[in-house]
Amino acid sequence: MSTGRRIIIGVVSILVVLVVVSGLGFYHYFKSAQKPLNPNSNKVVQVDIPMGASNKKIGSILQDKDIVKSGMVFNYFVKAHNFTSFRAGYYQLKSSMTLTQIAKQLEKGGSSEPIQSSKGKVLIREGVQIKDIATTIAASTDFSKSEFLSLMKDQTFMKQLYKEYPQLLKSTMSAKKVRYRLEGYLYPATYTVNKKMSLKQLVEQMVAATNTELKPYCKYIAKKKMTVQEVLTLASLVEREGVTNTDRRKIAGVFFNRIKQGMPLQSDISVMYAINKHKKNLSNSDLQSNSPYNLYKYAGYGPGPFNSPSFDSIKAVLKPLDESKGYLYFVANMKTGKIYYSKTLAEHNEKSASLSSANK
C-alpha cells in the first residue's frame, strides 16, 4: 500500500471516529437535555412568554431562565411530540419539571399579569425614588425591574387608580412633564406579598397606604390652597434636606418663604433628580440642566415629587416652623449635621464660607 493511500485511509478513519464520537456525544446531550434540569429544585421562576413567540424563541427564553438545559432541544422535542398552540402570558415554572409538563402548561396558558410566585415581603424605605423601588421589588419578589417600571408608565393602570382614589391622584394626573405620576405616592412601609398577588395589587397597596395617611388632611391641604402634588413635592425635598423633625419643619418654612418671593427653591435634590444621578458636588453644567425638575433654574414646585417622603416630612410641610422669621437660606455642617438658617444671601455666604473646611 502506497504512503499516500495509507494517509488517506488514516485521515478517513479519524474523521469516522470523530463523527461517531460527536454523534454519540450529541445523542447523550440530547437525551440528558430532555430530562429536568434540576430534579430536586422547588424554586418557582416567573417566565414571560410574549405574544407571537415561536417555539424556538420560547425555548431560548426557558433556557435563559434556567428552566430547561437547551432551548434547541426543547424546540425539537415539542415538534416531535406535536405540541402546538402555546399561549402568551406569565407562567410559574420550575427547573424540576419535565419538558412534557412544561409544554402542557404552555398550552393551558398563563396569567395576563405578573404574579408573585413565592411568599415574601417588600420594604420600601423613606426617601427612595421609583427607580430604587423597582430594584427593591426585583430583589424581594419574582417581579422584574422592567415589569415594575413599565407599570409605572401604564396610563390605563393610572386611570384605574385615579378612579379609585380621585382626591389623592387628581393633581398628579393633571401635572405636566412628570417622569412618573406615582413618584411620591408609593408609601414607605413593609408590604406582604402573597404568592397569588399581582404586581398591580402590590402597587395599589402602596397607593392605598398613602391615601389612608393623607385623607384626614385633605381639607387642611385645600385650606392652605395647595394640591396633594405640591405637598408631596415639598415633603420629598424636606425628606432629603433635613434629618430631625425640627429641621424638616424649618426647611419647609424656608421653602414657603422662597415660594412667596418667587425665588427658585434651589434644592440640590431636585437637580440630582433632573440629571438622574446622585452626586456629592454638583457642577455648573448640572445646575443648568433644562429639565423642569431643576428647581435651581425654574421657580415653583416643578412637575412633582422627587421620592417617597415619610409621613413626618409630610407633616413638616403641613405645619412648617419659623416661617414668620423670614429665613430664605440654610446650610448644613456635614460633619455635625447642624443646620444654620439665614435671612439674606450675604449672611448665607458668610456662614457657608465658615463651613467650607467641614464640608469638603
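Helices here are DSSP runs of H or I with at least four residues, strands are runs of E with at least two, and both are numbered from the N terminus. On that basis, Lys-215 sits in the loop between α9 (199-214) and α10 (218-223), and I shall return to this residue shortly.

Good morning, colleagues. What we have before us is a predicted model, in which local features need pLDDT of at least 70 and side-chain atom pairs count only at pLDDT 80 or more, while totals for chains, interfaces and linings use all residues. Residues are numbered from 1 along each chain as its sequence is written, and side-chain values use heavy atoms, with hydrogens and water left out.

Let me begin with the overall form. The protein comprises 16 helices and six strands. Its C-alpha trace spans about 110 × 55 × 35 Å along the principal axes. The radius of gyration, taken over C-alpha atoms, is 30 Å, whereas a compact globule of 360 residues would have a value near 21 Å; the globule rule is 2.2 Å times the number of residues to the power 0.38. For contacts, the criterion is heavy atoms within 4.5 Å. Among contacts between residues at least 6 apart in sequence, 64% join residues at least 24 apart.

Next, the surface and the charges. Accessible areas come from the Shrake-Rupley method with a 1.4 Å probe, and for residues only the protein chains shown count as cover. The protein exposes about 19,500 Å², of which carbon and sulfur atoms supply 52%. A residue is called buried under 20% relative accessible area, exposed over 50%, and partly exposed in between. Of the 360 residues, 43% are buried. Counting Lys and Arg as positive and Asp and Glu as negative, with His and the chain ends not counted, there are 53 positive and 25 negative side chains. The centres of the two sets lie 6 Å apart, with each charge placed at NZ of Lys, CZ of Arg, CG of Asp or CD of Glu.

I turn now to the interior. In soluble globular proteins, nonpolar side chains tend to be buried together. A nonpolar core is defined here as a set of buried Ala, Val, Leu, Ile, Met, Phe, Trp, Tyr and Cys residues joined through side-chain atoms within 4.5 Å. The largest such core has 66 residues, and Phe-148, Leu-182 and Leu-186 touch the most other members. Beyond its neighbours within four places in sequence, Phe-148 contacts Ile-130, Ile-133, Ala-134, Ile-137, Leu-186, Leu-199 and Val-203. Apart from the largest core lies another, of 20 residues, including Phe-77, Met-97, Ile-102 and Leu-106.

One helix deserves separate mention. Helix α13 (residues 268-275) is largely enclosed by the rest of the structure, because six of its eight residues are buried. Those six are Ile-269, Ser-270, Val-271, Met-272, Tyr-273 and Ala-274. Their cover includes α11 (228-241) and α14.

Two buried loop residues make contact with members of that helix. Gln-129, in the loop between β3 (120-123) and α5 (130-140), has a relative accessible area of 14%. Outside its sequence neighbours within four places, Gln-129 contacts Glu-183, Tyr-273, Phe-306 and Asn-307. Ser-291 lies between α14 (284-287) and α15 (311-318) and is buried at 15%. Not counting residues up to four places away, Ser-291 touches Ala-274 and Tyr-298.

Which residues does Tyr-165 contact, leaving aside its neighbours within four places in sequence? They are Glu-204, Val-207, Ala-208 and Asn-211. Tyr-165 itself occupies the loop between α7 (155-164) and α8 (166-174) and is buried, at 11% relative accessible area. Its C-alpha lies 7.4 Å from that of Asn-211, although the two are 46 residues apart in sequence.

As promised, I return to Lys-215, which counts as exposed because its relative accessibility is 54%. Its C-alpha atom is 7.7 Å from that of Leu-168, 47 residues away along the chain. A second exposed lysine, Lys-319, has a relative accessible area of 52% and is found in the loop between α15 and β5. Setting aside neighbours within four places, Lys-319 contacts Tyr-220 and Arg-249.

Finally, the backbone. Asn-82 has a positive phi of about 60 degrees although it is not a glycine; this residue lies in the loop between α3 (71-80) and β2 (89-93). Asp-322 likewise has a positive phi, near 60 degrees, and belongs to the loop between α15 and β5 (329-332).

Definitions and conventions: Buried means under 20% relative accessible area, exposed over 50%, partly exposed in between (1.4 Å probe, protein chains only).
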